[in-house]
Amino acid sequence: MHRKTGSYRLNKKELTEADIRTKFITPAIVGASGDKWDVMTQLREEIYFTKGRVIVRGKTVKRGEAKKVDYLLFYKPNIPIAVVEAKDNKHTVGAGMPQALDYAEILDVPFAYSSNGDGFLEHDRTGAGDVVERELRLDQFPSPDELWNRYCKGKGYNPAQEAITAQDYYDDGSGKAPRYYQLVAINRTVEAIARGENRILLVMATGTGKTYTAFQIIWRLWKSGAKKRILFLVDRNILADQTKTNDFKPFGQAMTKISNRQVDKSYEIYLSLYQAVTGTEEEKNIYKQFSPDFFDLVIIDECHRSSAAEDAAWHDVLTYFSSATQIGLTATPKETRDVSNIHYFGDPLYTYSLRQGISDGFLAPYKVVRIGLDKDLDGWRPETGKTDKYGQLIEDREYNESDFDRKLILEKRTAVVAAKITEFLKATDRYAKTIVFCENIDHAERMRQALVNANADLAAANKRYIMRITGDNDEGKAQLDNFIDPESTFPVIATTSQLMSTGVDAQTCHLIVLDKRINSMTEFKQIIGRGTRINEDYNKFFFTIMDFKRATALFADPAFDGDPVQIYEPGPNDPPVPPDEPLLNPEDEAGEVIYEGPGALDQPGAREPPTKYYVDDVEVTVATERVQYLDEHGRLITESLKDYTRKTVRKAYASLNAFLNAWNDAERKQAIIEELATRGVFLDELAEQVGRGYDAFDLVCHVAFDQPPLTRRERAERVRKRHVFGKYGEQTRAVLDALLEKYADGGITSVESLEILKVDPLTAFGTPVEIVKLFGDKHNYLAAIRELETALYSKAA
């Protein structure tokens, strides 16, 4: 028996966007015979290029929506050249162009396309075409070579420049690929050098992979023959070693690290410390063993450190190798009256800020606990004739926070700070990696002692629980790698002054304590950068800054490119852990300032002028604590979770009726709950404040629209009293009654999921399939669920 066949005509208007892509757009891009774009190497479909912002509310951590492009087309691997945004056929051919242009700008690609399956609208961003936008038939979509030639023509490349620009990336076969912003930085830099530019500045926030970016830049320039001898300068020995063994490992035998001031000129890639190639004495200037034109590329990591200062010791290195192309990498571009790396290198070729990194979900947001101590806020003046613990007469004047732990040590102040840190850790996680920044080495040692006394149990169990890691302390410095290592439990708490402010890749650092005055935006960004890395394997999604010196006032400085999500200033008797409210996430960058020269511990018996007073009998108390929040746009707010929820819900739903209509029309109430979560409204956290017995519906109506709430159980009992399910048979009524009880216990989300049918007491009615059959079929079962929901919410709370 043969089935009758006939012509079947697709109605494009009825097709989904996915169908339009599969049936029309992809075939048009690939070509009728697959001879245009290679599906395996040149075409990526529905590609997410961000991770989704980390949203923290109290103890709840979620990710916002990640950015996704429908098509990203590559001329070669890692060299993107076009984006295509698709719409279903109910839209016009150009309906996707605004989004395509937005993504094209972010991804730095020259061509943007929109399509609804009928054809394409092309936007040429090169500025070299006769027209900017034009419509194309499906069979007119350009080939990779056509787009590449148009791009190169727009840039005015000659064959040699084109060859450099198209040089392959390093690929180890593992599938590791640069993130989108790394691609932009790498491609822009290689193209700029191909054009003949010789001074380039890249600004990338700490934790965004500057070294890996530098490696790919060097690899492509080296392999293309554009640059043959390269010098990579870092400012810490550990960074040079990590670079050599990790990101730069593929250079193999072509690479060496300059050490012991010895030079071997047979290599091509040289790693060196700033300090190893500079010195105050002429004979120490090892770099002069190289001819001025030996290197044709010099890359300076953390070039904010002073490389651009005319009087910096190794500024001479840049001048000496002035014929070389020089690339500056920094997290904190420096613009002061005395120092300007922007003046030296020019404006940044590309900037990827902490604000953007947090927005994209690649960097961790944070909250701030701001604590004010009474003596810091009010100052302290000794009574006449007051002496310190060593019998020294204390100069009669007003002492304030600029004096504390420098000229005047109030030992009970140190004990209060240690107690607050300990209280916070006990309330959260006593094994959370913590860095305490102190005024100086002496202060760091006293803070270590105070923390040991405050955590006597854990300090006794393991002497490495709390350690001082400063430039003069070999034992502490030896533990730096263990502190950085996520798999190493100890040390847990590190006290320091300068050594750990930069170059410390502490992926699992959860708490940064500021007990030092910070007047430099650069140093502030560097310190914040110690906590901005995310490590999902160890549940590190955000971090907390505990600020005793109001250093976070720098958030208000226009030079800071991101703010905290939350700043908490508890009262004298309040816990240091912020309440469960919108958590903060900042956006900052952190560069790395790092070297702290060795110095003797400032022991009380061997003090030099100016005199330092040690006072052990003056009480210090907590006067204020406060929390502030950053909203999803990076703006600092001081409202509570209730206020934030009210404002956010009312922005989405102008009135109670608008919300009720949306709620009642939604096939899945969970969809509305999820949409609110993407806006930072976390109803679980709200329930902790309003009441755990309320449903999402009542929480929103009560907090946003001032409606009196009903508990879930009250709503369930109202439904039972109205005998809503009288039309159903005995068994189906029993199922619905069990679901009603599940709603009273857990809320509407559990009722909407078919998984609930696998849970007692519903399993008594059979398997999920058997339960659904009691209603006839799945359609009838879902209709009964919707009827149950209608009954639950038939009266506005």
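How are H12 and H13 oriented to each other? In this predicted model, helix H12 (residues 411-427) and helix H13 (residues 441-454) pack at an angle of about 50 degrees. Angles under 35 degrees count as roughly parallel, and 65 to 115 as roughly perpendicular. H12 and H13 are therefore oblique to each other. Their axes are 9 Å apart. The crossing of H12 past H13 is right-handed. On the H12 side, the contact involves Thr414, Ala415, Val417, Ala418, Ile421, Thr422 and Lys426. These meet Arg446, Met447, Ala450, Leu451 and Ala454 of H13. By class, the contact of H12 with H13 comprises eight nonpolar, two polar and two charged residues.

A second helix pair involves helix H18 (residues 641-652) and helix H21 (residues 683-690). Here the packing angle is about 130 degrees, and the axes lie 10 Å apart. H18 and H21 are therefore oblique to each other as well. H18 passes H21 in a left-handed crossing. H18 contributes Leu641, Lys642 and Thr645 to the contact. H21 contributes Glu685, Leu686, Gln689 and Val690. Three of the residues in the contact of H18 with H21 are nonpolar, two are polar and two are charged.

Two sheets were examined next. One is an open sheet of seven strands, with parallel pairing. Its strand order is E11-E12-E10-E13-E14-E9-E15. Strand E11 (255-257) and strand E15 (350-352) occupy the edges. Each has a single partner strand, so one side of each is left without a neighbour in the sheet. From one strand to the next, the twist averages 15 degrees. Within this sheet, strand E13 (residues 297-301) and strand E14 (residues 325-330) pair in the parallel sense over five bridges. Aspartate 301 stands opposite leucine 329 of E14.

Helices also lie across strands of this sheet. Helix H5 (residues 180-194) lies across strand E9 (199-204), E14 and E15. H5 runs at about 175 degrees to E9. Helix H6 (residues 210-223) lies across E9, strand E10 (230-234), strand E12 (269-273), E13 and E14. The angle of H6 to E13 is about 175 degrees. E9 and E14 thus appear under both H5 and H6.

The other sheet is also open, with six strands and mixed pairing. The strands follow the order E1-E4-E5-E6-E7-E8. Strand E1 (43-48) and strand E8 (133-137) stand at its edges. Each of these pairs with a single partner strand, so one side of each has no neighbour in the sheet. Direction ignored, neighbouring strands are turned by 30 degrees against each other on average. E1 and strand E4 (residues 68-76) pair in the antiparallel sense over five bridges. Arginine 44 has leucine 72 of E4 as its bridge partner.

Confidence varies along the model. The protein chain averages a pLDDT of 80, and 83% of the residues score at least 70. Confidence is highest in strand E6 (residues 111-115), at a mean of 96. Confidence is lowest in strand E28 (residues 636-637), at 52. Over residues 306-311, pLDDT stays under 50. The model has 15 contacts beyond four places in sequence for that stretch. Residues 581-609 also stay under 50. For residues 581-609, the model has 155 contacts beyond four places in sequence.

How values were computed:
Residues numbered from 1 in each chain as written. Predicted model: local features only at pLDDT ≥ 70, side-chain atom pairs only at ≥ 80, totals over all residues. Heavy atoms only, no water. Axes fitted to C-alpha atoms, helices over the stretch in contact; angles between N-to-C directions. Helix = DSSP H or I, 4+ residues; strand = E, 2+ residues; numbered from the N terminus. Parallel < 35°, antiparallel > 145°, perpendicular 65-115°, else oblique. Left-handed = near helix turned anticlockwise from the far one by under 90°. Contact = heavy atoms within 4.5 Å. Nonpolar A, V, L, I, M, F, W, Y, C, P; charged D, E, K, R; others polar. pLDDT = per-residue confidence, 0-100. Pairing = 2+ DSSP bridges.
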